[in-house]
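Trainee: I would like to go through the ligand site and the empty space, with the reasons for each term.
Mentor: Here it is.

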Amino acid sequence: MSEKPIYVTQPYLPPIEEFIPLLQQIWDSKVLTNNGPFHKQLEQALCDHLGVKHLALFANGTLALVTALEALRITGEVITTPYSFVATAHSLLWNNITPVFVDIEPRTLNLDPARIEAAITPQTTAILPVHCYGNPCDVDAIQTIADNYNLKVIYDAAHAFGVQCQQGNVLAHGDLSVLSFHATKVFTTFEGGAIVCPDAKRKLHIDHLKNFGFVNQTTVVATGINGKMNELQAAIGLLQLQHIDQALARRAEIAARYRDAIDAIPGLSYVPGAGQRVANHAYFPILVGDDYPLSRDALFAKLMAQGINGRRYFYPLISDFPMYRGLPSAQASDLPVASDAAARVICLPIYPNLQANDQDRVIEIINDSGARSL
Ligand SMILES: *Cc1c(COP(=O)(O)O)cnc(C)c1O
């Protein structure tokens, strides 16, 4: 293998020279964490950029999810999707909440609102949907069910940075939305995350929860955790934000080229999304159909052999992991759409610095493998 490996994603790092002055400020101020100047600036900058009123930064998205559930005092059972990154359901177990898996819809691969009601029991307190791959959930249908049954809605919006759905800002729906700024995400602070909240009072409560429950030096009002983002992370976020528009534009170009290529290959399709007004092209998932000459795993292996590290997001399903598979809602037979998607999907490499000739290599391999004469 002569060529260098291509990963499914690669962080978009601004020139290091732009980071040095921020680093210098941290060294000068000696403020490293605990709601320092960069932390405050990034909260405001992200509110402005994302068009939300209040947002609390976190050290990572998983702590933000765990804290969001704690903030709304969610207990009992929570309806969620098996087709996600494992942290979605883990955040429930960390709060002693029982996940109830409900199948997804085939078009968006998001939680299917038509199947939610049948899963509601007297123990159900909330719905935890995921805007999978940055494709918005059916937020209106989910809210209607939540209102009818008096349930909270917390969106795992880890993939949905900057997405606009038909109803406007995707982050404006539900009681809370949780973002992840992990290295693999569209917008990164290396590790990081945030809770988007509708009002100042809730944000203040969340700010207490992420700082051990302290409200001042001597008063602790809740069993809080240490979820604080530090100044280095916040500085990186501020810098990233200056480059995010061009990074998203480049992702859109790459996605358009993939779509053109896939349209011409029988047996392959891509997840069409939910017709969002603004997409972020965080992922490029393709589905390997029965009339493609190779199975998903054979195509995946072939790409790997050529140094192209696609990812089978999300295989296995969360409901197949050992701590979940004994749950009554974890039966694969009750989750046919999710099981099928997990068996067919490969996420292709997409990131701002993906070179055109590298994308050509990816397309060439899936195209050649699709030729019937082979
Ligand atoms: C990345 C991700 C998370 C977890 O975020 P971290 O910042 O890595 O803790 C949660 N949910 C989904 C769907 C994710 O993709």
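Mentor: A backbone N or O atom of G61 is 2.8 Å from an oxygen atom of the ligand. This is a predicted model, in which local features need pLDDT of at least 70, side-chain atom pairs count only at pLDDT 80 or more, and totals for chains, interfaces and linings use all residues. Residues are numbered from 1 along each chain as its sequence is written, and side-chain values use heavy atoms, with hydrogens and water left out.

Trainee: What makes the pair of G61 and the ligand a polar contact?
Mentor: A polar contact is a pair of N or O atoms within 3.5 Å, and G61 has its pair at 2.8 Å, so the term applies. The side chain of T62 has an N or O atom 2.6 Å from an oxygen atom of the ligand, and for the side chain of K185 the value is 3.1 Å.

Trainee: How much of the ligand does the protein bury?
Mentor: The protein buries 93% of the 380 Å² that the ligand exposes when taken alone, by the Shrake-Rupley method with a 1.4 Å probe.

Trainee: Which residues surround the ligand most closely?
Mentor: Of the 14 residues around the ligand, the closest are T62, D156, H159, S180 and K185; to count as near, a residue needs a heavy atom within 4 Å.

Trainee: Which residues line the largest cavity?
Mentor: The lining includes Q10, Y12, K185 and R251; lining residues have an atom within 4 Å of a point on a 1 Å grid, and a cavity is a set of points where a 1.4 Å probe fits but cannot get out.

Terms used
A polar contact is a pair of N or O atoms within 3.5 Å; within protein, one must be able to donate a hydrogen and the other to accept it, and residues adjacent in sequence count only if both atoms are side-chain atoms. On a 1 Å grid over the protein atoms alone, a cavity is a set of points where a 1.4 Å probe fits but cannot get out, and a pocket is an open set with protein on both sides within 12 Å along at least five of seven lines; lining residues have an atom within 4 Å of a point.
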